Structures are given as C-alpha cells and as structure tokens.
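Welcome, and thanks for taking a look at this one with us. Please have the sequence and the 3D view open side by side as you read.

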Amino acid sequence: MEMRIAGLYRYPVKGFSPEALDRTDLAPGMTVPWDRAFAVENGASGFDPANPGYFPKIRFLMLMKNAGVARLRTRFDPESRHFAITEDGVLLAEGGLDTPEGRAAIETFLAARFADELRGAPRILAAPGHSFSDVAAKVLHLVNLDSLRDLERQLGRPVDPLRFRANLYVEGLPAWSEFDLVGRTIVAAGVAFEGVKRTERCAATNVDPTTGERDMTIPRSLMGLYGHTDFGIYVRVTRGGTLSVGDRMAADLPQRTAELPF
C-alpha cells in the first residue's frame, strides 16, 4: 500500500503551537529533532534533568487542562534557542531557552497569563536528548487524513487535523487502515518505521487549536461512532534518514476482512 506524506510537524514546547517542516532528519529510536524538547512545569513535578524520565502530561501546562495555551503562537529557533510567544501578531514574551534570563522572561509571562491555572511557579524543563512525549517511548505520531475525512463526514463538520498534534500526516491510505500498521514496517525515502500502538485520544483534542475554545467532544464522538477513542498510531524509527513533505510511503497491509478494523 502506498501513501504520501502530506505534513511534517514538530512541537518544541509541549502543549504549545506546532511548527510545520518541509523536511526533517530522523535517527533510529529517536523523535523528530526538537519535538517536545521543552515543557512548562505546572507545580513541582519531580523532574530531574540529570536523570530524565517519563512524566504524565498533567504535570505540565497542556491543552487538556489549559485550553488558553492554544491562543498563543510560538516560534522556536534551534540554532539560537530563541523562543517567542505572540498573540494576534503582538509579541508577548521572548527569550533564549538555553539561558536563565531567557527562561525567566518566558516564565514570568506564563505566571501572569495562567495565574488561575497554575499549581506553582511555572518552570521550563529540558534535558539533552529527552522528549516530553505523552508516552514513555521515543516515537512519532502518525495521523491518516483519510480517517480524518471519514470522521468529518460522520460529524457533518470540518475537523482541524492539528487537533491531533501529529508529527506525520499521510494521505492515500484507506480510512482507518493505519491501525493495521501496528506491528508492521512502513518505509519512506530510505527511512523505516515500525507501527507501535494505536493512539488513545484525550480531551486535548476538544480544543480548537486556533481559538482555544472547547468546541468539540472528540473522544466521546469517536466512542459513539466507532466504539473506541483511538485516532492515529505511534511509530518508531528503525532506520534513519531524511524525510520530506511529498515523499511516498509504502507498507504491506494485511488483507482486510471487515470494512473497519475495530
């Protein structure tokens, strides 16, 4: 089965706005470079930069609980580590995430902006090579746009694909066939992936990624329509290389015995 990469994204600071990429280098067992490389601690988390480990997203500022984050537009420069936050085109805060002064400038803004939602002083966290993913493994998230179109037909309204905060958006794969890729190999431009698991969705997908309004009930809708709350899959890089938007992907899908693989 062939498909095409329609979009590549990274999310430098967990919970904050995505950055579209034309291309990215991928290494075995790693995430997209700079994906979820930073997170904003919401109350003492116990995170140790010298011994980084997985923590649930409830420990950080994130869309599931802090929908107002979606109204902010952010930009991260990997070369300078400069991070800027804007709203409606107005610069609200900026600073280098690799310096105490830069982090303090961002933290001061967030402390004021989310004063009623914080459990303690916000603190920007990072550790070399660590990703603050929603799962412990270093994986990429893949969403099938044909599944999205099926969901839109069922709901009778458009659904912004960025609600699902994927790294890879693909086209050309029959709706919901991505679930069949779990445990199978996917290849693109010399890069190889292994499908790891289906992605169970949370209430973060209910938030409009532009307005910050909670205007949908995605997990409830998925359960009512399809009998599960899964949308997308996690994939692990098994052979590295460079991936670009427009690259063809291929996978050996099994023969399907039902209209939907649920």
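Below is a short tour of the model, grouped by topic. Do keep in mind that this is a predicted model. The tour starts with the annotated domain and the nonpolar cores, then turns to aromatic rings, a helix, two buried strand residues and some backbone angles.

**Annotated domain**
- An unreviewed UniProt entry lists residues 99–252 as "domain: MOSC".
- In the model, residues 99–252 are 22% helix and 29% strand, and the C-alpha atoms at the two ends of the span lie 47 Å apart.

**Nonpolar cores**
- The largest nonpolar core is made up of 40 residues, and Phe 193, Leu 243 and Met 249 have the most contacts inside it.
- Another core lies apart from that one and has 25 residues, including Phe 76, Ala 93, Ala 204 and Val 207.
- As background, nonpolar side chains tend to be buried together in soluble globular proteins.

**Aromatic rings**
- Searching the whole structure turns up eleven aromatic pairs.
- One of them joins Phe 47 and Phe 132, with ring centres 5.0 Å apart; the planes meet at 45 degrees, so this pair counts as tilted.
- Phe 47 sits in the loop between strand 4 (39–41) and strand 5 (73–77), while Phe 132 sits in the loop between strand 8 (123–125) and strand 9 (140–144), so the pair ties together parts that are 85 residues apart in sequence.
- Both Phe 47 and Phe 132 are buried.
- Elsewhere, ring pairs connect Phe 164, Trp 176, Phe 179, Tyr 226 and Phe 231 into a cluster.
- The ring of Phe 179 also has the charged end of Arg 198 sitting over it, 3.8 Å from the ring centre.

**Helix 2 and its ends**
- Helix 2 covers residues 145–155, and its buried residues are Leu 145, Ser 147, Leu 148, Asp 150 and Leu 151.
- What do these buried residues pack against? Their partners are strand 1 (2–10), strand 9, strand 10 (168–171), helix 3 (218–226) and strand 13 (230–239).
- At the N-terminal end of helix 2, Asn 144 acts as a cap, with a side-chain oxygen 3.0 Å from the backbone nitrogen of Asp 146.
- Gly 156, just after helix 2, has a positive phi of about 75 degrees.

**Two buried strand residues**
- Thr 74 belongs to strand 5 and is buried, at a relative accessible area of 9%.
- The side chains of Thr 74 and Ser 17 are joined by a polar contact of 2.7 Å.
- Setting aside neighbours within four places in sequence, Thr 74 is in contact with Phe 16, Ser 17, Glu 19, Phe 83, Ala 84 and Ile 85.
- Ala 192 belongs to strand 12 (residues 191–200) and is buried, at a relative accessible area of 4%.
- Not counting residues up to four places away in sequence, Ala 192 touches Ile 186, Val 187, Arg 236, Val 237, Thr 238 and Arg 239.
- Between the C-alpha atoms of Ala 192 and Asn 206, which are 14 residues apart along the chain, the separation is 32 Å.

**Positive phi outside glycine**
- Arg 36, although not a glycine, has a positive phi of about 50 degrees.
- Arg 36 lies in the loop between strand 3 (23–26) and strand 4; is this residue buried or exposed? Arg 36 is buried, with a relative accessible area of 13%.
- Ala 189 also has a positive phi, near 50 degrees, and lies in the loop between strand 11 (185–188) and strand 12.
- Ala 189 is partly exposed, with a relative accessible area of 47%.

Key:
Residues are numbered from 1 along each chain as its sequence is written. This is a predicted model: local features need pLDDT of at least 70, side-chain atom pairs count only at pLDDT 80 or more; totals for chains, interfaces and linings use all residues. Side-chain values use heavy atoms; hydrogens and water are left out. Rings of Phe, Tyr and Trp (its six-membered ring) pair if their centres lie within 6.5 Å; planes under 30 degrees apart count as stacked, over 60 as edge-to-face and the rest as tilted. Helices (H or I, at least four residues) and strands (E, at least two) are DSSP runs, numbered from the N terminus. Buried means under 20% relative accessible area, exposed over 50%, partly exposed in between (1.4 Å probe, protein chains only). A charge sits over a ring if NZ of Lys or CZ of Arg is within 6 Å of the ring centre and within 35 degrees of the ring normal. A polar contact is a pair of N or O atoms within 3.5 Å; within protein, one must be able to donate a hydrogen and the other to accept it, and residues adjacent in sequence count only if both atoms are side-chain atoms. Contact means heavy atoms within 4.5 Å. UniProt positions are given in the numbering used here, feature names are shortened, and annotations may be inferred rather than shown by experiment. A nonpolar core is a set of buried Ala, Val, Leu, Ile, Met, Phe, Trp, Tyr and Cys residues joined through side-chain atoms within 4.5 Å.
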